Amino acid sequence: NTDVVGVVGHANSGGMVGAAPEYDRGLPAVVPSATSPEITGISPWVFRVTVNDSVNGANLARYAARLGRRRVVVLYENNVYGRDLAQAFLAAYPGKPVGVDPIAGDGSKVEPFISYYKQVQPDLVFVAGTEPSGRALLREAMRQGFHTQWIAGDGWPGVAADTAAAEGALIATPVRLDRSDASRRFASEFTTRYGVTPDANAAMAYD
């Protein structure tokens with residue numbers, strides 16, 4: 001379609017890595033939220049707004065270390081986003097985790113992980129994942145009475161909407177839509193135009 005002059009997206013790392021060669025035909029793509037380091041330099045037609053997982057993972061690891069938690073577990077979705085973020089976290093964390101496991105991105109089969117780590121009793125669980133797996137983990141943890149400090153990256157902002165399960169979870173996000181005049185104005189105009197409340201990805205796409 002020659003009327004298309006550019007694309008905002010893709011939102012997720014796997015989609016952007018897979019689609020990048022198509023943009024080499026001469027169509028610019030501005031990536032609002034895909035954070036995989038693989039995207040850096042993947043195409044002269046692909047441009048990223050947000051920071052990548054090598055930075056995010058290292059910052060989250062340093063933050064987790066400052067919390068003083070000793071028994072740390074890392075759970076990651078076995079995809080481009082999850083692996084990259086977990087790898088960066090593990091490289092920067094100044095200790096040895098008591099567990100590292102891949103989980104399904106759709107949130108299925110989380111019960112065995114919660115059952116097992118309930119016995120291990122970590123005092124912090126870092127999750128390199130997205131909303132479906134995050135919601136499932138927190139809901140299952142609540143069901144089993146598994147209490148720990150949860151911390152996750154920019155794949156989790158939507159998880160915070162589940163206020164019962166997400167209480168106390170720490171979620172890193174590149175944009176915080178707060179009560180400032182600029183945030184209020186953006187949220188109001190976005191909601192009026194599109195009929196939905198904007199999230200961090202919407203704000204990054206706007207930028």
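A salt bridge is a side-chain nitrogen of Lys or Arg within 4 Å of a carboxyl oxygen of Asp or Glu. Keep that cut-off in mind for aspartate 53 in this predicted model.

**Aspartate 53**

Aspartate 53 sits in helix α2 (residues 53–66). Its side chain is charged, yet which partner does it have? Aspartate 53 is buried and has no salt bridge. The nearest side chain of opposite charge belongs to arginine 48, 6.6 Å away. Beyond its neighbours within four places in sequence, aspartate 53 is in contact with several residues, including Thr35, Ser36, Tyr81, Asp84 and Asp154.

**Helices α5 and α7**

| Helix | Residues | Expected span | End C-alpha distance |
|---|---|---|---|
| α5 | 131–144 (14 residues) | 20 Å | 20 Å |
| α7 | 181–194 (14 residues) | 20 Å | 20 Å |

For α5, the expected span and the end C-alpha distance agree. The buried residues of α5 are Ser133, Gly134, Ala136, Leu137, Leu138, Glu140, Ala141 and Gln144. They pack against the strands β4 (72–77), β5 (99–103), β6 (124–128) and β7 (149–152), and against the helices α4 (111–120) and α6 (163–166). Glycine 145 follows α5, with a positive phi near 70 degrees.

Agreement holds for α7 as well. In α7, Ser183, Phe186 and Phe190 are buried. Seen down the axis of α7, its buried residues fall within an arc of 70 degrees, so they line one face of the helix. An α-helix has 3.6 residues a turn, so residues three or four places apart point the same way. The buried residues of α7 pack against α8 (200–206). Asp181, Arg184 and Thr192 are exposed on the other side of α7. Just after α7 comes glycine 195, with a positive phi of about 80 degrees.

Key. Residues are numbered from 1 along each chain as its sequence is written. Side-chain values use heavy atoms; hydrogens and water are left out. Helices (H or I, at least four residues) and strands (E, at least two) are DSSP runs, numbered from the N terminus. The expected span of a helix is 1.5 Å times one less than its number of residues. Buried means under 20% relative accessible area, exposed over 50%, partly exposed in between (1.4 Å probe, protein chains only). Contact means heavy atoms within 4.5 Å. Lys and Arg count as positive and Asp and Glu as negative; His and the chain ends are not counted. The arc is that of the directions from the helix axis to the C-beta atoms.
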